Amino acid sequence: MDPACLARALMATGAEAESLRIEADAARREQFGDAVRLRGIIEFSNYCKNRCLYCGIRNGANGVLRYRIPDAEILQTAHAVRAGGCGTVVLQSGEDPFYTKSHLVDLVKTIKEETGLKITLSLGIRDRETLRALREAGADRYLLRFETSDAVLFEQIHPDAGFAARLSCLRDLRDLGYEVGSGFMIGLPGGTPESIARDLLFTKSLNLQMIGCGPFLSDPKTPMNVQPVFPHSLYYNTIALLRLMNPTVNLPATTSFDALEPGGRDRVLSYGANIFMPNMTPRKYRECYQLYPNKPGVDEDGSATLEASKRRLAAAGRTLDPQ
Ligand code: 5AD
(Lines give C-alpha, C1' and ligand atoms only; values in the text may rest on other atoms or scores of the structure.)
Protein backbone atom coordinates (compact mmCIF):
# COMPACT_ATOMS: atom_id res chain seq x y z
CA MET A 1 0.00 0.00 0.00
CA ASP A 2 1.40 3.39 -0.83
CA PRO A 3 1.82 6.03 1.88
CA ALA A 4 -0.35 8.66 0.17
CA CYS A 5 -3.25 6.24 -0.07
CA LEU A 6 -2.80 5.24 3.59
CA ALA A 7 -2.68 8.89 4.63
CA ARG A 8 -6.00 9.47 2.86
CA ALA A 9 -7.53 6.46 4.62
CA LEU A 10 -6.31 7.81 7.97
CA MET A 11 -8.20 11.05 7.37
CA ALA A 12 -11.43 9.28 6.44
CA THR A 13 -14.60 10.47 8.15
CA GLY A 14 -18.31 9.65 7.89
CA ALA A 15 -19.36 6.73 5.70
CA GLU A 16 -15.82 6.17 4.47
CA ALA A 17 -14.46 5.76 8.01
CA GLU A 18 -17.43 3.58 8.89
CA SER A 19 -16.75 1.15 6.05
CA LEU A 20 -13.02 0.98 6.92
CA ARG A 21 -13.90 0.04 10.50
CA ILE A 22 -16.53 -2.49 9.47
CA GLU A 23 -13.98 -4.16 7.22
CA ALA A 24 -11.43 -4.25 10.07
CA ASP A 25 -14.01 -5.71 12.46
CA ALA A 26 -14.81 -8.44 9.90
CA ALA A 27 -11.09 -9.21 9.49
CA ARG A 28 -10.74 -9.58 13.26
CA ARG A 29 -13.78 -11.86 13.43
CA GLU A 30 -12.53 -14.02 10.59
CA GLN A 31 -9.19 -14.55 12.34
CA PHE A 32 -10.21 -14.81 16.02
CA GLY A 33 -13.99 -15.07 16.19
CA ASP A 34 -15.55 -13.06 19.02
CA ALA A 35 -13.23 -14.33 21.75
CA VAL A 36 -11.06 -11.73 23.44
CA ARG A 37 -7.77 -12.63 25.11
CA LEU A 38 -7.35 -11.14 28.57
CA ARG A 39 -3.88 -10.19 29.74
CA GLY A 40 -3.51 -8.93 33.30
CA ILE A 41 -0.93 -6.20 33.62
CA ILE A 42 1.11 -5.52 36.77
CA GLU A 43 2.98 -2.21 36.77
CA PHE A 44 5.55 -3.30 39.32
CA SER A 45 7.97 -0.35 39.39
CA ASN A 46 7.67 3.27 38.27
CA TYR A 47 11.36 4.05 38.73
CA CYS A 48 12.88 4.96 35.37
CA LYS A 49 16.35 6.06 34.41
CA ASN A 50 15.13 7.69 31.19
CA ARG A 51 13.75 11.15 30.50
CA CYS A 52 11.50 10.47 27.50
CA LEU A 53 9.94 13.84 26.78
CA TYR A 54 6.32 12.64 26.68
CA CYS A 55 6.21 10.31 29.66
CA GLY A 56 4.56 11.10 33.00
CA ILE A 57 7.00 8.88 34.95
CA ARG A 58 10.16 10.18 33.24
CA ASN A 59 13.21 10.49 35.43
CA GLY A 60 12.99 13.82 37.25
CA ALA A 61 9.23 14.30 36.75
CA ASN A 62 7.91 16.50 39.53
CA GLY A 63 5.51 15.12 42.08
CA VAL A 64 5.80 11.43 41.16
CA LEU A 65 6.05 9.20 44.21
CA ARG A 66 8.28 6.27 43.27
CA TYR A 67 7.48 2.67 44.21
CA ARG A 68 8.63 -0.88 43.68
CA ILE A 69 6.11 -3.59 44.47
CA PRO A 70 7.76 -6.18 46.72
CA ASP A 71 8.32 -9.52 44.94
CA ALA A 72 5.92 -11.39 47.25
CA GLU A 73 3.17 -8.93 46.36
CA ILE A 74 3.93 -9.22 42.62
CA LEU A 75 3.62 -12.98 42.97
CA GLN A 76 0.39 -12.70 44.91
CA THR A 77 -0.98 -10.40 42.19
CA ALA A 78 0.08 -12.89 39.50
CA HIS A 79 -1.99 -15.52 41.32
CA ALA A 80 -4.96 -13.12 41.19
CA VAL A 81 -4.38 -12.68 37.44
CA ARG A 82 -4.61 -16.42 37.04
CA ALA A 83 -7.60 -16.83 39.35
CA GLY A 84 -9.38 -14.10 37.38
CA GLY A 85 -9.13 -16.12 34.17
CA CYS A 86 -6.35 -14.29 32.32
CA GLY A 87 -3.99 -16.61 30.43
CA THR A 88 -1.13 -14.13 30.51
CA VAL A 89 0.48 -11.83 33.02
CA VAL A 90 2.24 -8.74 31.70
CA LEU A 91 5.02 -7.42 33.93
CA GLN A 92 5.71 -3.79 33.13
CA SER A 93 8.02 -1.20 34.69
CA GLY A 94 10.10 1.83 33.89
CA GLU A 95 13.72 1.14 32.92
CA ASP A 96 14.73 0.36 36.47
CA PRO A 97 18.30 -0.92 36.97
CA PHE A 98 17.40 -2.00 40.53
CA TYR A 99 16.04 -5.14 38.86
CA THR A 100 19.16 -7.05 37.89
CA LYS A 101 19.27 -10.05 35.60
CA SER A 102 19.26 -12.53 38.49
CA HIS A 103 16.47 -10.72 40.32
CA LEU A 104 14.25 -10.77 37.22
CA VAL A 105 15.15 -14.38 36.45
CA ASP A 106 14.05 -15.43 39.95
CA LEU A 107 10.82 -13.48 39.63
CA VAL A 108 9.97 -14.96 36.21
CA LYS A 109 10.86 -18.52 37.32
CA THR A 110 8.73 -18.29 40.44
CA ILE A 111 5.72 -16.83 38.63
CA LYS A 112 6.00 -19.49 35.93
CA GLU A 113 6.34 -22.37 38.40
CA GLU A 114 3.55 -21.20 40.68
CA THR A 115 1.00 -19.98 38.13
CA GLY A 116 1.85 -21.58 34.78
CA LEU A 117 0.78 -18.30 33.14
CA LYS A 118 2.26 -17.07 29.90
CA ILE A 119 4.61 -14.25 30.84
CA THR A 120 4.99 -11.04 28.88
CA LEU A 121 7.72 -8.61 29.88
CA SER A 122 7.73 -4.88 29.18
CA LEU A 123 10.86 -3.54 30.85
CA GLY A 124 12.41 -1.33 28.19
CA ILE A 125 15.82 -1.97 26.65
CA ARG A 126 17.78 -4.84 28.20
CA ASP A 127 21.02 -6.42 27.04
CA ARG A 128 20.89 -9.58 24.99
CA GLU A 129 22.31 -11.78 27.75
CA THR A 130 19.60 -10.65 30.20
CA LEU A 131 16.92 -11.24 27.59
CA ARG A 132 18.33 -14.70 26.89
CA ALA A 133 18.33 -15.62 30.58
CA LEU A 134 14.76 -14.34 31.00
CA ARG A 135 13.57 -16.32 28.01
CA GLU A 136 15.16 -19.42 29.48
CA ALA A 137 13.56 -18.67 32.85
CA GLY A 138 10.11 -18.81 31.26
CA ALA A 139 9.31 -15.43 29.70
CA ASP A 140 7.27 -15.96 26.53
CA ARG A 141 6.75 -12.51 25.09
CA TYR A 142 8.20 -9.03 25.21
CA LEU A 143 6.70 -5.64 24.47
CA LEU A 144 8.93 -2.82 23.34
CA ARG A 145 7.37 -0.05 21.32
CA PHE A 146 9.49 1.75 18.71
CA GLU A 147 7.27 4.81 19.42
CA THR A 148 7.95 6.50 16.04
CA SER A 149 9.56 5.28 12.83
CA ASP A 150 11.17 8.69 12.31
CA ALA A 151 14.73 8.18 13.63
CA VAL A 152 15.38 11.92 14.00
CA LEU A 153 12.15 12.50 15.94
CA PHE A 154 12.85 9.38 18.02
CA GLU A 155 16.15 10.82 19.19
CA GLN A 156 14.65 14.25 19.87
CA ILE A 157 12.07 12.82 22.23
CA HIS A 158 14.30 10.15 23.80
CA PRO A 159 17.37 11.96 25.14
CA ASP A 160 18.62 8.71 26.72
CA ALA A 161 17.93 6.23 23.93
CA GLY A 162 18.92 5.61 20.32
CA PHE A 163 16.63 4.41 17.56
CA ALA A 164 19.21 1.87 16.33
CA ALA A 165 19.57 0.39 19.83
CA ARG A 166 15.81 -0.05 20.05
CA LEU A 167 15.66 -1.84 16.71
CA SER A 168 18.59 -4.00 17.69
CA CYS A 169 16.82 -4.98 20.92
CA LEU A 170 13.73 -5.91 18.88
CA ARG A 171 15.97 -8.11 16.68
CA ASP A 172 17.51 -9.77 19.77
CA LEU A 173 14.05 -10.55 21.09
CA ARG A 174 13.07 -12.15 17.80
CA ASP A 175 16.32 -14.20 17.64
CA LEU A 176 15.83 -15.43 21.19
CA GLY A 177 12.43 -16.87 20.36
CA TYR A 178 10.20 -14.34 22.09
CA GLU A 179 6.84 -13.45 20.65
CA VAL A 180 7.49 -9.79 19.97
CA GLY A 181 5.15 -6.86 20.42
CA SER A 182 5.86 -3.32 19.37
CA GLY A 183 4.07 -0.25 18.12
CA PHE A 184 3.96 3.52 18.17
CA MET A 185 2.20 6.48 19.72
CA ILE A 186 -0.38 7.77 17.29
CA GLY A 187 -0.20 11.47 16.52
CA LEU A 188 2.97 12.69 18.19
CA PRO A 189 3.37 16.48 18.01
CA GLY A 190 4.66 17.50 14.61
CA GLY A 191 3.26 14.33 13.05
CA THR A 192 1.10 14.32 9.93
CA PRO A 193 -1.16 11.70 8.32
CA GLU A 194 1.82 10.95 6.06
CA SER A 195 4.14 10.30 9.03
CA ILE A 196 1.51 8.04 10.61
CA ALA A 197 1.25 6.23 7.27
CA ARG A 198 5.01 5.65 7.47
CA ASP A 199 4.62 4.34 11.04
CA LEU A 200 1.98 1.90 9.75
CA LEU A 201 4.26 0.66 6.98
CA PHE A 202 7.21 0.36 9.34
CA THR A 203 5.07 -1.62 11.80
CA LYS A 204 4.11 -4.03 9.05
CA SER A 205 7.74 -4.48 8.01
CA LEU A 206 8.63 -5.68 11.54
CA ASN A 207 6.39 -8.77 11.21
CA LEU A 208 5.23 -8.58 14.79
CA GLN A 209 3.12 -11.02 16.78
CA MET A 210 1.54 -8.17 18.73
CA ILE A 211 1.00 -4.50 17.93
CA GLY A 212 0.33 -2.02 20.73
CA CYS A 213 -0.57 1.49 19.63
CA GLY A 214 -2.50 4.26 21.31
CA PRO A 215 -3.03 8.00 20.95
CA PHE A 216 -0.31 10.34 22.16
CA LEU A 217 -1.74 12.24 25.14
CA SER A 218 -0.18 15.43 26.32
CA ASP A 219 0.93 15.48 29.95
CA PRO A 220 1.41 18.87 31.61
CA LYS A 221 4.08 17.33 33.87
CA THR A 222 6.30 16.72 30.85
CA PRO A 223 8.20 18.92 28.40
CA MET A 224 5.89 17.68 25.62
CA ASN A 225 2.92 19.65 26.88
CA VAL A 226 1.52 20.21 23.41
CA GLN A 227 -2.16 19.60 22.71
CA PRO A 228 -2.75 17.00 19.97
CA VAL A 229 -4.30 18.43 16.82
CA PHE A 230 -5.78 15.32 15.25
CA PRO A 231 -9.47 14.40 15.19
CA HIS A 232 -10.29 11.31 17.24
CA SER A 233 -11.36 9.56 14.04
CA LEU A 234 -7.72 9.41 12.97
CA TYR A 235 -6.77 7.33 16.04
CA TYR A 236 -9.56 4.85 15.38
CA ASN A 237 -8.76 4.68 11.66
CA THR A 238 -5.17 3.84 12.62
CA ILE A 239 -6.36 0.79 14.55
CA ALA A 240 -8.64 -0.33 11.71
CA LEU A 241 -5.75 -0.02 9.24
CA LEU A 242 -3.41 -1.91 11.57
CA ARG A 243 -5.89 -4.80 11.60
CA LEU A 244 -6.37 -4.74 7.83
CA MET A 245 -2.63 -4.60 7.16
CA ASN A 246 -1.79 -7.28 9.78
CA PRO A 247 -4.72 -9.73 9.74
CA THR A 248 -3.24 -12.33 12.11
CA VAL A 249 -1.60 -10.06 14.67
CA ASN A 250 -2.68 -9.73 18.30
CA LEU A 251 -4.03 -6.20 18.59
CA PRO A 252 -4.90 -4.87 22.06
CA ALA A 253 -7.43 -2.17 22.82
CA THR A 254 -4.86 -0.09 24.70
CA THR A 255 -5.66 1.80 27.88
CA SER A 256 -4.82 5.21 26.45
CA PHE A 257 -7.98 5.02 24.30
CA ASP A 258 -10.02 5.23 27.51
CA ALA A 259 -7.96 8.25 28.54
CA LEU A 260 -8.71 9.82 25.15
CA GLU A 261 -12.45 9.54 25.74
CA PRO A 262 -14.87 7.39 27.77
CA GLY A 263 -15.64 4.17 25.94
CA GLY A 264 -12.55 4.54 23.75
CA ARG A 265 -11.39 0.99 24.34
CA ASP A 266 -14.84 -0.39 23.50
CA ARG A 267 -14.70 1.38 20.16
CA VAL A 268 -11.26 -0.04 19.43
CA LEU A 269 -12.57 -3.52 20.21
CA SER A 270 -15.10 -3.08 17.46
CA TYR A 271 -12.56 -1.71 14.97
CA GLY A 272 -10.19 -4.69 14.91
CA ALA A 273 -8.78 -5.30 18.40
CA ASN A 274 -8.82 -8.80 19.93
CA ILE A 275 -6.92 -8.27 23.20
CA PHE A 276 -7.88 -6.52 26.42
CA MET A 277 -5.35 -5.86 29.17
CA PRO A 278 -7.03 -5.25 32.54
CA ASN A 279 -4.82 -3.39 34.97
CA MET A 280 -4.14 -5.70 37.93
CA THR A 281 -1.71 -3.41 39.73
CA PRO A 282 -2.74 -3.19 43.41
CA ARG A 283 -4.72 -0.02 43.95
CA LYS A 284 -2.28 1.73 46.27
CA TYR A 285 0.35 2.01 43.52
CA ARG A 286 -1.88 2.96 40.63
CA GLU A 287 -1.93 6.71 40.92
CA CYS A 288 1.87 6.70 40.74
CA TYR A 289 1.95 4.97 37.34
CA GLN A 290 0.41 7.55 35.10
CA LEU A 291 2.29 7.75 31.83
CA TYR A 292 -0.36 10.23 30.64
CA PRO A 293 -3.27 12.08 32.29
CA ASN A 294 -6.80 10.66 32.78
CA LYS A 295 -5.68 7.08 33.15
CA PRO A 296 -8.80 5.07 34.01
CA GLY A 297 -9.27 2.92 37.11
CA VAL A 298 -6.65 4.54 39.38
CA ASP A 299 -9.07 4.35 42.30
CA GLU A 300 -10.03 0.69 41.75
CA ASP A 301 -8.44 -2.50 42.92
CA GLY A 302 -7.41 -5.28 40.56
CA SER A 303 -10.43 -7.51 40.97
CA ALA A 304 -12.83 -4.58 40.37
CA THR A 305 -10.96 -3.67 37.17
CA LEU A 306 -11.04 -7.26 36.00
CA GLU A 307 -14.74 -7.67 36.68
CA ALA A 308 -15.51 -4.34 34.98
CA SER A 309 -13.47 -5.48 31.96
CA LYS A 310 -15.45 -8.70 31.75
CA ARG A 311 -18.74 -6.77 31.90
CA ARG A 312 -17.54 -4.48 29.13
CA LEU A 313 -16.63 -7.38 26.91
CA ALA A 314 -19.94 -9.14 27.56
CA ALA A 315 -21.83 -5.92 26.77
CA ALA A 316 -19.94 -5.73 23.48
CA GLY A 317 -21.09 -9.26 22.65
CA ARG A 318 -17.62 -10.71 23.05
CA THR A 319 -16.60 -13.94 24.76
CA LEU A 320 -13.45 -14.71 26.75
CA ASP A 321 -10.61 -16.70 25.28
CA PRO A 322 -8.91 -18.66 28.07
CA GLN A 323 -5.44 -18.43 26.50
N1 5AD B 1 0.77 9.44 25.71
C2 5AD B 1 0.50 8.25 25.17
N3 5AD B 1 1.23 7.15 25.37
C4 5AD B 1 2.30 7.26 26.18
N5 5AD B 1 3.20 6.34 26.56
C6 5AD B 1 4.07 6.93 27.39
N7 5AD B 1 3.75 8.22 27.55
C8 5AD B 1 2.64 8.45 26.81
C9 5AD B 1 1.84 9.60 26.53
N10 5AD B 1 2.09 10.80 27.07
C11 5AD B 1 3.23 4.98 26.02
C12 5AD B 1 4.54 4.70 25.27
C13 5AD B 1 5.14 3.53 26.03
C14 5AD B 1 3.93 2.91 26.66
C15 5AD B 1 4.23 2.02 27.84
O16 5AD B 1 3.16 4.03 27.05
O17 5AD B 1 4.23 4.32 23.93
O18 5AD B 1 5.82 2.62 25.22
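Colleague: What makes the backbone oxygen of Ile111 and a polar atom of the side chain of Thr115 a polar contact?

Modeller: The two atoms lie 2.6 Å apart, and a polar contact is a pair of N or O atoms within 3.5 Å, where within protein one must be able to donate a hydrogen and the other to accept it, and residues adjacent in sequence count only if both atoms are side-chain atoms; the pair of Ile111 and Thr115 therefore qualifies. This is a predicted model, in which local features need pLDDT of at least 70, side-chain atom pairs count only at pLDDT 80 or more, and totals for chains, interfaces and linings use all residues. Residues are numbered from 1 along each chain as its sequence is written, and side-chain values use heavy atoms, with hydrogens and water left out.

Colleague: Why is Thr115 called buried, and which residues does Thr115 contact beyond its neighbours within four places in sequence?

Modeller: Thr115, which lies in helix H4 (residues 101-115), has a relative accessibility of 5%, and because buried means under 20% relative accessible area, exposed over 50% and partly exposed in between (1.4 Å probe, protein chains only), Thr115 counts as buried. Thr115 is in contact (heavy atoms within 4.5 Å) with Ala78, His79 and Arg82.

Colleague: What makes Asp321 and Arg37 a salt bridge?

Modeller: The closest N and O atoms of Asp321 and Arg37 are 3.5 Å apart, and a salt bridge needs a side-chain nitrogen of Lys or Arg within 4 Å of a carboxyl oxygen of Asp or Glu, so the pair meets the rule. Asp321 lies in strand E10 (residues 319-321) and Arg37 in strand E1 (residues 35-45), so this bridge ties together parts that are 284 residues apart in sequence. Asp321 and Arg37 are both buried.

Colleague: How do you know that Arg51 and Asp160 are paired, and are Arg51 and Asp160 buried or partly exposed?

Modeller: The side chains of Arg51 and Asp160 meet at 2.7 Å, N to O, in a salt bridge. Arg51 is in the loop between E1 and helix H3 (71-83), while Asp160 is in the loop between helix H6 (151-157) and helix H7 (163-175), so the bridge links parts 109 residues apart in sequence. With relative accessible areas of 38% for Arg51 and 33% for Asp160, each counts as partly exposed.

Colleague: Why is Gly272 called buried, and where is Gly272 found?

Modeller: Gly272 is found in the loop between helix H11 (264-269) and strand E9 (275-276), and its relative accessibility of 0% is the reason why it counts as buried. Not counting residues up to four places away in sequence, Gly272 touches Ala24, Asp25, Arg28, Arg243 and Leu251.

Colleague: Which residues of the protein make polar contacts with the ligand, and how much of the ligand does the protein bury?

Modeller: An oxygen atom of the ligand lies 2.8 Å from a polar side-chain atom of Arg145, an oxygen atom of the ligand is 2.6 Å from an N or O atom in the side chain of Glu147, and a nitrogen atom of the ligand is 2.8 Å from a polar backbone atom of Leu217. The ligand exposes 400 Å² when taken alone, and the protein buries 88% of that (areas from the Shrake-Rupley method with a 1.4 Å probe; for residues, only the protein chains shown count as cover).

Terms used: Helices (H or I, at least four residues) and strands (E, at least two) are DSSP runs, numbered from the N terminus.
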